[in-house]
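Work through the exercises below with the structure open. Each task is followed by a stepwise solution.

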Amino acid sequence: NESDSTWRKGHAGDGRYLIQLGNHWLDASQRMLQVDDGRTPIDRDLAPGEAMRLTLTVQAPGSPGRYILELDMVQEHVAWFGQRGSDTLGILVDVASEDHAAERSGTDANPREGLVPPSDEPAETGSPRMEMYCVPREDVIQLVQAAGGSVVDAQPSSAAGPAYLSYRYLISGGDGR
């Protein structure tokens with residue numbers, strides 16, 4: 001809870017004001033495909049600065065392709081947090097057909113396969129251009145370890161856009177912080 005307010009557990013009986021983690025499915029172009037797939041409630045009041053671990057069960061889209069699993073908090077009968085300006089978390093997901101999954105099982109699949117490389121075309125005259133330079137995940141882990149920390153978790157992230165394989169890292173300092 002990064003807000004200044006305590007998130008109240010809410011009324012479980014009728015669901016009013018219950019705060020839950022939920023998800024939506026977007027296509028690779030970030031167009032909404034399915035609103036409100038899964039939900040799981042917080043199990044206690046959550047004060048500002050506190051965190052809790054939640055388990056969310058989702059149903060992947062039925063057709064093979066690249067999708068974005070968007071995670072967001074919702075307060076029932078009020079709004080999704082993302083609609084009120086909070087950040088959501090987008091996770092890039094590749095859904096494979098059963099035949100394709102069987103082919104890839106047991107192989108060293110390239111997680112970057114099929115990703116669109118950045119364009120080498122010059123930007124239009126007068127328009128700003130932002131260049132991205134990617135650092136391989138293994139290099140990030142080595143840099144953190146060299147600084148005395150450890151990578152607790154690395155989750156795929158869509159923050160850099162659907163054309164890039166990107167990660168959000170949870171890092172612990174050498175002293176346990």
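**Exercise 1. Classify Tyr 167 by its accessibility, then describe its ring contacts.**

Solution.
- Step 1. This is a predicted model. Tyr 167 has a relative accessibility of 24%. Buried would need under 20%, and exposed over 50%. Tyr 167 therefore counts as partly exposed.
- Step 2. Tyr 169 has 25% relative accessibility, so Tyr 169 also counts as partly exposed.
- Step 3. The ring centres of Tyr 167 and Tyr 169 lie 6.2 Å apart, with the planes at 45°. Stacked pairs need planes under 30 degrees apart, edge-to-face pairs over 60. The pair is therefore tilted.
- Step 4. Tyr 167 has a charged neighbour too. The charged end of Arg 137 sits over the Tyr 167 ring, 4.9 Å from the ring centre.

**Exercise 2. How many aromatic pairs does the structure hold, and what is the geometry of the pair formed by Trp 7 and Phe 81?**

Solution.
- Step 1. The count is 3 aromatic pairs.
- Step 2. For Trp 7 and Phe 81, the centre-to-centre distance is 5.1 Å and the angle between the planes is 90°. That pair is edge-to-face.
- Step 3. Now place the partners. Trp 7 belongs to the segment before strand 1 (19-27). Phe 81 belongs to the loop between strand 5 (79-80) and strand 6 (89-95). The pair therefore ties together parts 74 residues apart in sequence.
- Step 4. Check the burial. Both Trp 7 and Phe 81 are buried.

**Exercise 3. Asp 4 lies in the segment before strand 1: is Asp 4 buried or exposed?**

Solution.
- Step 1. The relative accessible area of Asp 4 is 77%, so Asp 4 is exposed.
- Step 2. Look for a contact across the sequence. Asp 4 and Ala 47 are 43 residues apart in sequence. Their C-alpha atoms are 8.3 Å apart in space.

**Exercise 4. Which way do the residues of strand 1 point, and to which strands is strand 1 joined by bridges?**

Solution.
- Step 1. Strand 1 is mostly covered, with 9 of its 9 residues buried.
- Step 2. Split the strand by direction. Ile 19, Leu 21, Asn 23, Trp 25 and Asp 27 point one way. Gln 20, Gly 22, His 24 and Leu 26 point the other way.
- Step 3. List the partners.

| Partner of strand 1 | Bridges | Direction | Residues standing opposite |
|---|---|---|---|
| Strand 4 | 9 | antiparallel | His 24 and Glu 70 |
| Strand 3 (39-41) | 3 | antiparallel | Leu 21 and Thr 40 |
| Strand 2 | 2 | antiparallel | Leu 26 and Met 32 |

- Step 4. Turn to the hairpin of strand 1 and strand 2. There are 4 residues between these strands.

**Exercise 5. What is the sign of phi at Gln 30 and at His 77?**

Solution.
- Step 1. Recall the background. Most residues other than glycine have a negative phi.
- Step 2. Gln 30 is not a glycine, yet its phi is positive, about 70°. Gln 30 sits in the loop between strand 1 and strand 2 (32-34). With 45% relative accessibility, Gln 30 counts as partly exposed.
- Step 3. His 77 is not a glycine either, and its phi is positive, about 65°. The loop between strand 4 (65-75) and strand 5 holds His 77. Its relative accessible area is 56%, so His 77 is exposed.

**Exercise 6. How many salt bridges are there, and which partners do Asp 27, Arg 44 and Asp 94 have?**

Solution.
- Step 1. The structure holds 6 salt bridges. Side chains of opposite charge can pair when their charged atoms come close.
- Step 2. Asp 27 pairs with Arg 31, with the closest N and O atoms 2.8 Å apart. Asp 27 counts as buried at 12% relative accessibility, whereas Arg 31 counts as exposed at 53%.
- Step 3. Arg 44 pairs with Glu 50, with the closest N and O atoms 3.4 Å apart. Arg 44 is partly exposed at 35%. Glu 50 is partly exposed at 33%.
- Step 4. Asp 94 meets Arg 66 in a salt bridge, 2.8 Å from N to O. Asp 94 is in strand 6 and Arg 66 in strand 4, 28 residues apart, and the pair links distant parts of the chain. Asp 94 is exposed, with a relative accessible area of 51%.
- Step 5. Finish with the network. Asp 36, Arg 39 and Glu 76 are joined into one network by salt bridges that share partners.

Note on methods: Residues are numbered from 1 along each chain as its sequence is written. This is a predicted model: local features need pLDDT of at least 70, side-chain atom pairs count only at pLDDT 80 or more; totals for chains, interfaces and linings use all residues. Side-chain values use heavy atoms; hydrogens and water are left out. Rings of Phe, Tyr and Trp (its six-membered ring) pair if their centres lie within 6.5 Å; planes under 30 degrees apart count as stacked, over 60 as edge-to-face and the rest as tilted. Buried means under 20% relative accessible area, exposed over 50%, partly exposed in between (1.4 Å probe, protein chains only). A charge sits over a ring if NZ of Lys or CZ of Arg is within 6 Å of the ring centre and within 35 degrees of the ring normal. Two strands pair if DSSP finds at least two bridges between them. A salt bridge is a side-chain nitrogen of Lys or Arg within 4 Å of a carboxyl oxygen of Asp or Glu.
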